[in-house]
Amino acid sequence: MKKILGYTGLIAYFGVCFWHYFTLTAQAYIDPSVATYLIQAIAGALIALGAVFTIFRHKIAALFKGKKKTDAAADDVIELKDVDEE
């Protein structure tokens, strides 16, 4: 019974807080540069998510192909050959 009253009180508290927060009107001016900053932030987040998705996609594909980490590292090795200077 205490648990139910606790959850009900918690829901009522947050409900009143959110109602109060979202019903207030703001007397503020939003500068156009704020919109540009917001677009840049969203674009950066989407690019980062795309990079994370690509990295994990390659790791999961390598897992299903059975390619081990040591095999992948061996493929990425670049050998430098000595050039005789004349």
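Is Tyr21 buried or exposed? Keep that question in mind as you go through these points; the reply comes in point 5.

1. **What you are looking at.** Please remember that this is a predicted model. Its chain has a mean pLDDT of 80, and 77% of the residues reach 70 or more. Where pLDDT is low, the predicted coordinates should not be read in detail.

2. **The overall layout.** You should find 3 helices and 0 strands in the chain. Reading from the N terminus, the order of elements is α-α-α. Confidence is highest in helix H2 (residues 32–65), with a mean of 90, and lowest in helix H3 (residues 69–75), with a mean of 56.

3. **Two helices to trace with your eye.** Helix H1 (residues 2–23) is built from 22 residues and spans 31 Å from its first C-alpha to its last, close to the 32 Å expected at 1.5 Å a residue. H2, with its 34 residues, reaches 49 Å from first C-alpha to last, again close to expectation, which is 50 Å at 1.5 Å a residue. Just after H2 comes Gly66, and its phi is positive, near 85°.

4. **How open the chain is.** Of the 86 residues in the chain, 0% count as buried. About 9000 Å² of the chain is exposed, and carbon and sulfur atoms supply 69% of that area. H1 fits this picture: the number of buried residues among its 22 is 0, so H1 lies largely in the open.

5. **Back to the opening question.** Tyr21 is exposed, because its relative accessible area is 58% and the cut-off for exposed is over 50%. Phe22, which belongs to H1, also has a value that makes it exposed, at 61%.

6. **A pair of rings.** Searching the whole structure turns up 4 aromatic pairs. One of these joins Tyr21 and Phe22: their ring centres are 4.9 Å apart and their planes meet at 75°, so the pair is edge-to-face. Here the angle decides the name, because planes over 60 degrees apart count as edge-to-face.

7. **The wider aromatic group.** Which residues form one aromatic cluster? They are Tyr13, Phe14, Phe18, Tyr21 and Phe22. These five names are worth finding in the structure before you go on to the last point.

8. **A nonpolar patch on the surface.** Tyr7, Leu10, Ile11, Tyr13, Phe14, Phe18, Tyr21 and Phe22 make a nonpolar surface patch of about 990 Å². So when you look at Phe22, you can see an exposed residue that is part of the aromatic cluster and of the nonpolar patch.

Note on methods: Residues are numbered from 1 along each chain as its sequence is written. This is a predicted model: local features need pLDDT of at least 70, side-chain atom pairs count only at pLDDT 80 or more; totals for chains, interfaces and linings use all residues. Side-chain values use heavy atoms; hydrogens and water are left out. Patches are made of residues with over 30% relative accessible area and no salt bridge: like charges are joined within 9 Å, nonpolar side chains (Val, Leu, Ile, Met, Phe, Trp, Tyr) within 5 Å. Accessible areas come from the Shrake-Rupley method with a 1.4 Å probe; for residues, only the protein chains shown count as cover. A salt bridge is a side-chain nitrogen of Lys or Arg within 4 Å of a carboxyl oxygen of Asp or Glu. Helices (H or I, at least four residues) and strands (E, at least two) are DSSP runs, numbered from the N terminus. Buried means under 20% relative accessible area, exposed over 50%, partly exposed in between (1.4 Å probe, protein chains only). pLDDT is the predictor's confidence in each residue, from 0 to 100. The expected span of a helix is 1.5 Å times one less than its number of residues. Rings of Phe, Tyr and Trp (its six-membered ring) pair if their centres lie within 6.5 Å; planes under 30 degrees apart count as stacked, over 60 as edge-to-face and the rest as tilted.
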